[in-house]
Amino acid sequence: MNPFDYSRPPDWQAAVNSVATDAQAKFLGGGTNLIDLMKMGVETPDRLVDINRLPLAQVEELPGNTGIRIGALVRNSDLAEHPLITARYPVLSEALLSGASPQLRNLATTGGNLLQRTRCYYFYDPAFPMCNKRNPGSGCGALEGYNRIHAILGQSEQCIATHPSDMCVALAMLDAVVRVQGPAGERAIPIANFHRLPGITPNVDTNLQTNELITAVDLPAIPFATRSHYLKVRDRASYAFALVSVAAALELENGMIKSARIALGGVAHKPWRAAKAEQALAGKKVEAAAFSAAADAELAAAKGYQYNSFKIELAKRAIVQALTTVAALP
Ligand code: SF4
């Protein structure tokens with residue numbers, strides 16, 4: 001591990017200033033991903049700015065019943081068990097509890113979870129020369145390599161990595177808004193614009209500026225989110241990343257689908273909002289044929305590689321299964 005300086009600023013302004021004046025500095029929250037990457041030599045910050053003592057660990061209601069604000073330092077375990085989340089956004093609680101291990105969830109933060117980096121094997125191994133995300137312009141080892149966990153939607157010739165977070169899939173389905181503070185003040189980034197597709201710059205994961213600090217995540221009030229579910233398909237029952245996951249919610253009326261919300265994990269460089277499936281479901285009867293047609297519409301543009309083509313059919317079946325479960329909820 002490279003040597004680095006460590007500081008613990010007293011407030012968010014000092015934290016932002018520390019990073020704004022040092023391009024190689026990184027914020028330290030739970031550190032559950034960053035420290036791994038530093039040990040591997042993938043991340044080499046010259047300074048860690050520890051934000052753990054900033055007052056950003058509250059979950060509170062927004063005025064006028066407009067939603068919930070989650071502080072950036074709320075631990076994943078605390079968020080998953082919070083009564084406001086289990087009652088109003090069960091999909092988020094399920095997603096959080098399906099991720100990592102209890103020990104990691106006790107440490108990992110909401111803000112840090114948003115910034116998780118891909119688990120592509122080639123990205124994690126600096127001894128492997130080809131990785132456009134780690135070393136822009138070097139090529140992509142996964143394209144012709146072992147690509148079982150890689151993307152089937154939205155990928156580019158430069159990178160076929162997937163985003164590893166479960167929490168972010170639920171946030172994408174819920175239209176969360178990420179609040180950040182930077183030298184120029186506060187701004188709000190809709191979750192759909194927070195993470196990026198790889199394009200020709202796969203080394204850039206998000207639209208967060210390097211000198212901006214995530215302070216909170218807002219969840220809008222969505223009454224029918226009480227009827228929601230997170231389905232995760234993975235190689236073992238716990239402590240594994242999703243091969244495919246689905247966050248789904250349905251607004252139902254007299255046996256018809258008024259509106260649907262679906263997001264997919266494990267299939268793209270960012271949490272994938274399944275807009276085509278949602279459009280296909282609006283106004284349809286609640287029945288398996290409608291779920292299946294929606295899944296087909298969403299995956300029509302999917303492209304697989306040598307080891308991950310199975311994900312296309314798996315994603316379709318996972319969508320149908322998740323919607324079936326949601327439709328049966330009381
Ligand atoms: Fe690197 Fe992306 Fe290719 Fe993986 S898929 S080797 S992260 S460029």
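Me: A cavity is a set of points where a 1.4 Å probe fits but cannot get out. With that in mind, how many cavities of 30 Å³ or more are there here?

Reply: This is a predicted model, and the count comes to three cavities of 30 Å³ or more. The largest cavity has a volume of about 80 Å³, and the second largest cavity has about 60 Å³.

Me: What takes up the space of the largest cavity?

Reply: The ligand does. A molecule sits in a cavity if more than half of its atoms lie within 2 Å of the grid points, so the ligand counts as sitting in the largest cavity.

Me: Which residues are around the ligand, and which line the largest cavity?

Reply: There are 15 residues around the ligand, and Cys120, Cys131, Cys140, Cys159 and Ile160 come nearest. The largest cavity is lined by 16 residues, with Cys120, Cys131, Cys140, Cys159 and Ala161 nearest its centre.

Me: What is the make-up of the ligand's shell, by class?

Reply: Ten nonpolar residues, four polar and one charged. Cys counts as nonpolar, so Cys120, Cys131, Cys140 and Cys159 fall in that class. The lining of the largest cavity has ten nonpolar, five polar and one charged.

Me: And what lines the second largest cavity?

Reply: Gln116, Arg117, Thr118, Lys133, Thr162, His163, Pro164, Arg196, Asp205 and His269. Sorted by class, that's one nonpolar, five polar and four charged residues. Pro counts as nonpolar, so the nonpolar one is Pro164.

Me: What makes a pocket another thing, and how much space lies in the second largest pocket?

Reply: A pocket is an open set of points, while from a cavity the probe cannot get out. About 300 Å³ of space lies in the second largest pocket. Its lining has 21 residues, and Arg119, Ile149, Phe241, Ala242 and Leu243 lie nearest the centre. By class, there are nine nonpolar, seven polar and five charged.

Me: Let's switch to Ala95 in helix 5, residues 90–97. Why is Ala95 called buried?

Reply: Buried means under 20% relative accessible area. Ala95 has 0%, so it is buried.

Me: What does Ala95 touch, leaving out residues up to four places away in sequence?

Reply: Asp166, Met167, Ala170 and Tyr230. Contact means heavy atoms within 4.5 Å, so Ala95 has heavy atoms within that distance of those four.

Me: Why is helix 5 called largely enclosed?

Reply: Because six of its eight residues are buried. They are Pro90, Val91, Leu92, Ser93, Ala95 and Leu96.

Conventions: Residues are numbered from 1 along each chain as its sequence is written. This is a predicted model: local features need pLDDT of at least 70, side-chain atom pairs count only at pLDDT 80 or more; totals for chains, interfaces and linings use all residues. Side-chain values use heavy atoms; hydrogens and water are left out. A residue is near a molecule or strand if one of its heavy atoms lies within 4 Å of it. On a 1 Å grid over the protein atoms alone, a cavity is a set of points where a 1.4 Å probe fits but cannot get out, and a pocket is an open set with protein on both sides within 12 Å along at least five of seven lines; lining residues have an atom within 4 Å of a point. Helices (H or I, at least four residues) and strands (E, at least two) are DSSP runs, numbered from the N terminus. Buried means under 20% relative accessible area, exposed over 50%, partly exposed in between (1.4 Å probe, protein chains only). Grid points are joined across faces, edges and corners, and a volume is the space filled by probe spheres set on the points.
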